[in-house]
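Hello,

Here is the structure I promised to pass on to you. Have a look at it first, and then read on for what I found in it.

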Amino acid sequence: MGSTRSARDSILLYTLLPLGLLLVAIGILGATTGLTVVPFDPHHIGTQVVGLVVAFAGVRHWK
């Protein structure tokens, strides 16, 4: 049996998942060290939430 994964699913999986995990890591790093990476998110909550949403959108394309 062949794989049902399309090229679009592979592209979305391998771009959205690492990007989301990177955003979560930046948010956690900023929250623990006090570094402000994103100037409009001084509390780093938005970066972590958006990172999780992007990562879950990437996981949705995992088949």
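Let me start with how the helices meet: H2 is part of what covers the buried residues of H1. The cover also runs the other way, as H1 is included in what covers the buried residues of H2. Please keep in mind that this is a predicted model.

**The chain as a whole**

The chain holds two helices and zero strands. Its radius of gyration is 14 Å, well over the 11 Å that the globule rule gives for 63 residues, so the chain is more spread out than a compact globule. The C-alpha trace spans about 50 × 15 × 10 Å along its principal axes. Of the 63 residues, 25% are buried. The accessible surface comes to about 4,600 Å², and carbon and sulfur atoms account for 73% of that. If you take the contacts between residues at least 6 apart in sequence, 67% of them join residues at least 24 apart.

**Helix H1**

H1 runs over residues 7-33. With 27 residues, H1 reaches 39 Å from its first C-alpha to its last, close to the 39 Å expected at 1.5 Å a residue. Its buried residues are Asp9, Leu13, Leu17, Gly20, Val24, Gly27 and Gly30.

The one I would click on in that list is Asp9. Its relative accessibility is 7%, and because the cut-off for buried is under 20%, Asp9 counts as buried. What does the side chain of Asp9 pair with? A polar contact of 3.0 Å joins it to the side chain of His61. Leaving aside residues up to four places away in sequence, Asp9 touches His61 and Lys63.

**From H1 to H2**

After H1 comes Gly34, with a positive phi near 90°. Further on, in the loop between H1 and H2, you will find His44. Most residues other than glycine have a negative phi. His44, though, has a positive value, near 70°.

Is His44 buried or exposed? His44 is buried, with a relative accessible area of 7%. Its side chain reaches the backbone oxygen of Leu35 at 3.3 Å. Not counting residues up to four places away in sequence, His44 touches Gly27, Gly30, Ala31, Leu35 and Thr36. Among these, Gly27 and Gly30 also belong to the buried residues of H1.

**Helix H2**

H2 takes in residues 45-59, which is 15 residues, and reaches 21 Å from its first C-alpha to its last. That is close to the 21 Å expected at 1.5 Å a residue. Which residues of H2 are buried? They are Thr47, Gly51, Val54, Ala55 and Gly58. Seen down the axis of H2, these buried residues fall within an arc of 100°, so they line one face of the helix. The face turned away from that buried side carries the exposed residues Ile45, Val53 and Phe56.

**Where to look**

If you only have a few minutes, I would suggest three views. One is the side-chain contact between Asp9 and His61. Another is His44 with its positive phi and its side chain reaching the backbone oxygen of Leu35. The last is the view down the axis of H2, with the buried residues on one face and Ile45, Val53 and Phe56 on the face turned away.

Do write back once you have had a look.

Best wishes

How values were computed
Residues are numbered from 1 along each chain as its sequence is written. This is a predicted model: local features need pLDDT of at least 70, side-chain atom pairs count only at pLDDT 80 or more; totals for chains, interfaces and linings use all residues. Side-chain values use heavy atoms; hydrogens and water are left out. Helices (H or I, at least four residues) and strands (E, at least two) are DSSP runs, numbered from the N terminus. Buried means under 20% relative accessible area, exposed over 50%, partly exposed in between (1.4 Å probe, protein chains only). A polar contact is a pair of N or O atoms within 3.5 Å; within protein, one must be able to donate a hydrogen and the other to accept it, and residues adjacent in sequence count only if both atoms are side-chain atoms. Contact means heavy atoms within 4.5 Å. The expected span of a helix is 1.5 Å times one less than its number of residues. The arc is that of the directions from the helix axis to the C-beta atoms. The radius of gyration is taken over C-alpha atoms; the globule rule is 2.2 Å times the number of residues to the power 0.38. Accessible areas come from the Shrake-Rupley method with a 1.4 Å probe; for residues, only the protein chains shown count as cover.
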